[in-house]
Amino acid sequence: MSTIQQARFLSSAAAVADFPPETVPELALAGRSNVGKSSALNALAGRKRLAFASKTPGRTQMINFFALGEAGQLADLPGYGYAKVPQALRATWDDLIGGYLMGRRTLVGIVLLMDARRPFTDSDRNFLEWLRPTSASRLILLSKADKLSRAEQEKALSLTRSKLEQAALGSQVILFSSKSGAGVEETRVLLDNWLHNKKPPEKGN
């Protein structure tokens with residue numbers, strides 16, 4: 001069983017002061033609203049109801065922390081880029097997420113979901129720029145890949161890798177589908193490597 005399959009809910013944090021202690025390596029899961037982040041976490045954990053998607057996109061205001069056995073923790077960050085969220089609420093999220101990304105010393109890896117049908121939106125680019133100063137490893141999961149043909153999947157993969165290279169934002173990229181299971185096991189292996197400080201596998205680079 002992979003480390004992420006041991007996930008259990010730990011706590012929620014609405015402010016930096018609410019974060020759990022920095023005692024173990026930590027992963028962060030991020031993505032814009034409606035990209036399928038909750039479904040991805042459930043698929044990776046092999047659970048149906050570990051994470052719940054809000055019925056109203058952009059309403060989740062807290063970071064949800066999950067314990068990953070004895071090996072680490074995972075932080076599920078609020079979705080970004082939802083246009084109808086009030087400016088004041090977006091500012092609160094910026095403070096919360098920025099405080100996490102810039103100040104979390106135990107953060108070893110960041111998993112960013114992008115919709116395979118529309119990768120690299122403006123909000124995706126902005127979030128990646130936010131990650132530039134961090135030393136944590138980065139993984140892009142191109143979610144909902146099952147909705148694309150094989151040729152379209154390869155095009156999305158090539159486009160994403162090209163844009164990452166142009167922006168000098170080193171990241172691994174994996175085609176992912178919570179529905180079909182594509183990329184799930186590959187992602188589990190990579191996250192285990194991050195948590196246990198092993199050399200990442202060549203596949204998916």
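This report covers the sheet, the helices packed on it and the salt bridges of a predicted model.

## Sheet

Seven strands are not closed into a barrel-like order but form an open sheet of 7 strands, ordered 1-3-4-2-5-6-7 and with mixed pairing. Strand 1 (7–13) and strand 7 (172–175) stand at the edges; each has a single partner strand, so one side of each is left without a neighbour in the sheet. From one strand to the next, the twist averages 25°.

Within this order, strand 3 (residues 63–68) and strand 4 (residues 72–76) pair in the antiparallel sense, over 5 bridges. Asn64 has Asp76 in strand 4 as its bridge partner.

## Helices on the sheet

Helix 3 (residues 122–131) packs on the sheet and touches strand 2, strand 5 and strand 6 (137–143). The direction of helix 3 makes about 170° with that of strand 5.

Helix 4 (residues 150–166) lies across strand 6 and strand 7. Relative to strand 7, helix 4 runs at about 165°.

## A salt bridge between distant parts of the chain

The structure holds 8 salt bridges. In one of them, the side chains of Glu26 and Arg104 meet at 2.8 Å, N to O. This pair links distant parts of the chain, with the two positions 78 residues apart in numbering: Glu26 is in strand 2 (residues 26–31), and Arg104 is in the loop between helix 2 (87–103) and strand 5 (107–115).

Buried means under 20% relative accessible area. Glu26 has a relative accessible area of 0% and is therefore buried. Arg104, with a relative accessible area of 8%, is buried as well.

## Salt bridges at Asp115 and in helix 5

Asp115 and Arg118 meet through their side chains in a salt bridge of 3.1 Å, N to O. Asp115 is buried, with a relative accessible area of 2%, whereas Arg118 counts as partly exposed at 45% relative accessibility. A network of salt bridges links Asp115, Arg117 and Arg118.

Another salt bridge joins the side chains of Arg188 and Glu185 (3.1 Å, N to O). Both residues lie in helix 5 (residues 184–195), 3 residues apart, which is about one turn of the helix. Arg188 counts as buried at 11% relative accessibility, while Glu185 counts as partly exposed at 46%.

How values were computed:
Residues numbered from 1 in each chain as written. Predicted model: local features only at pLDDT ≥ 70, side-chain atom pairs only at ≥ 80, totals over all residues. Heavy atoms only, no water. Salt bridge = Lys/Arg side-chain N within 4 Å of Asp/Glu carboxyl O. Helix = DSSP H or I, 4+ residues; strand = E, 2+ residues; numbered from the N terminus. Buried < 20%, exposed > 50% of the residue type's maximum accessible area, 1.4 Å probe, protein only. Pairing = 2+ DSSP bridges. Axes fitted to C-alpha atoms, helices over the stretch in contact; angles between N-to-C directions. Contact = heavy atoms within 4.5 Å.
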